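Please examine the model shown below alongside its sequence. The paragraphs that follow lead through it step by step, from a loop to a helix and then to the aromatic rings.

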Amino acid sequence: MTTNEFEHLVMVALLAGDDPILEALRQQYAAATVRDREQTANGFVTRFEIPASVPPIERKLLHLDDLQLQLAGAATPADASVHVHNGRLRSLECFVYDGAFPDAPVIESAWYYGTERFAGLTPELMAERDIAELLEEDE
């Protein structure tokens with residue numbers, strides 16, 4: 001699997017859910033281009049450019065970080081998260097806690113916090129996602 005394919009699958013999973021905020025972020029992602037990628041030994045950060053013509057969400061800051069992945073050859077599960085800054089998608093981050101991040105990641109299983117493991121980023125997994133707590137704003 002290429003980096004682009006992996007990133008796309010992970011972004012679809014991180015933006016999954018029936019909520020207007022997530023729908024708006026999916027529209028941003030559909031129009032996004034990759035500004036740059038930073039590779040490290042244990043993962044990567046991909047930064048996005050969102051065209052000014054695509055509206056921001058009302059929330060200025062948001063961190064969607066409930067997805068974990070078991071990757072073939074990785075010593076530990078990988079965490080994946082999306083960062084929103086000033087109402088716009090800013091970056092996707094994915095890393096393992098120990099060992100090296102695979103050069104060509106293959107997803108063996110995936111889960112959101114509170115769900116069972118599924119054999120990949122499947123529609124069944126995405127249907128199990130509980131986004132209510134994740135989208136709660138800090139008071």
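Asn86 is partly exposed in this predicted model, because its relative accessible area of 49% lies between the 20% below which a residue counts as buried and the 50% above which a residue counts as exposed. Asn86 belongs to the loop between strand 4 (78-85) and strand 5 (88-96). The backbone of this residue also deserves attention. Most residues other than glycine have a negative phi. Asn86 is not a glycine, yet it has a positive phi of about 55°.

The next topic is helix 1, which comprises residues 3-14. Does its length agree with what its residue count would suggest, and what span should be expected? At 1.5 Å a residue, the 12 residues of helix 1 should span 16 Å. The C-alpha atoms at its ends are 16 Å apart, so the expected span and the span in the model agree.

Thr3 is found in helix 1. Is Thr3 buried or partly exposed? Its relative accessibility is 30%, and therefore Thr3 counts as partly exposed. The C-alpha atoms of Thr3 and Asp103 are 8.5 Å apart in space, although the two residues are 100 residues apart in sequence.

Ala13 is also found in helix 1. Ala13 has a relative accessible area of 0%, and therefore it counts as buried, since the cut-off for a buried residue is under 20%. Which residues does Ala13 contact, when its neighbours within four places in sequence are left aside? They are Leu67, Tyr112, Leu121, Met126 and Arg129. In addition, the C-alpha atoms of Ala13 and Pro123 are separated by 9.0 Å, while the residues are 110 residues apart along the chain.

Ala13 is one of the buried residues of helix 1, and the others are Phe6, Glu7, Val10, Met11 and Leu14. These residues cover an arc of only 160° around the axis, which means that they lie on the same side of helix 1. A general property of helices is relevant here. An α-helix has 3.6 residues a turn, so residues three or four places apart point the same way.

Phe6 and Val10 also appear in the description of the largest nonpolar core, which has 40 residues. Together with Leu64, Leu67, Leu69 and Leu121, they touch the most other members of that core. When residues up to four places away in sequence are not counted, Phe6 touches Met1, Phe44, Leu69, Leu71, Cys94, Phe101, Pro105 and Ile107.

The aromatic rings complete the picture. How many aromatic pairs does a search of the whole structure find? The search finds 5. In one of them, Phe6 and Phe44 meet edge-to-face, with 6.2 Å centre to centre and 75° between the planes. This pair links distant parts of the chain, since Phe6 lies in helix 1 and Phe44 lies in strand 2 (residues 43-49), 38 residues apart. Both Phe6 and Phe44 are buried. Tyr29 and Phe48 form another edge-to-face pair, at 5.9 Å centre to centre and 85° between the planes. Here too the pair links distant parts of the chain: Tyr29 is in helix 2 (residues 20-31) and Phe48 is in strand 2, 19 residues apart. Phe48 is buried, with a relative accessible area of 8%.

Ring pairs also link Phe6, Phe44 and Phe101 into a cluster. A ring may also face a charge: the charged end of Arg117 sits over the ring of Trp111, 3.8 Å from its centre.

How values were computed
Residues numbered from 1 in each chain as written. Predicted model: local features only at pLDDT ≥ 70, side-chain atom pairs only at ≥ 80, totals over all residues. Heavy atoms only, no water. Phe/Tyr/Trp six-rings, centres within 6.5 Å; stacked < 30°, edge-to-face > 60°. Helix = DSSP H or I, 4+ residues; strand = E, 2+ residues; numbered from the N terminus. Buried < 20%, exposed > 50% of the residue type's maximum accessible area, 1.4 Å probe, protein only. Lys NZ or Arg CZ within 6 Å of the ring centre and 35° of its normal. Contact = heavy atoms within 4.5 Å. Expected span 1.5 Å × (residues − 1). Arc of directions from axis to C-beta. Core = buried A, V, L, I, M, F, W, Y, C linked by side-chain atoms within 4.5 Å.
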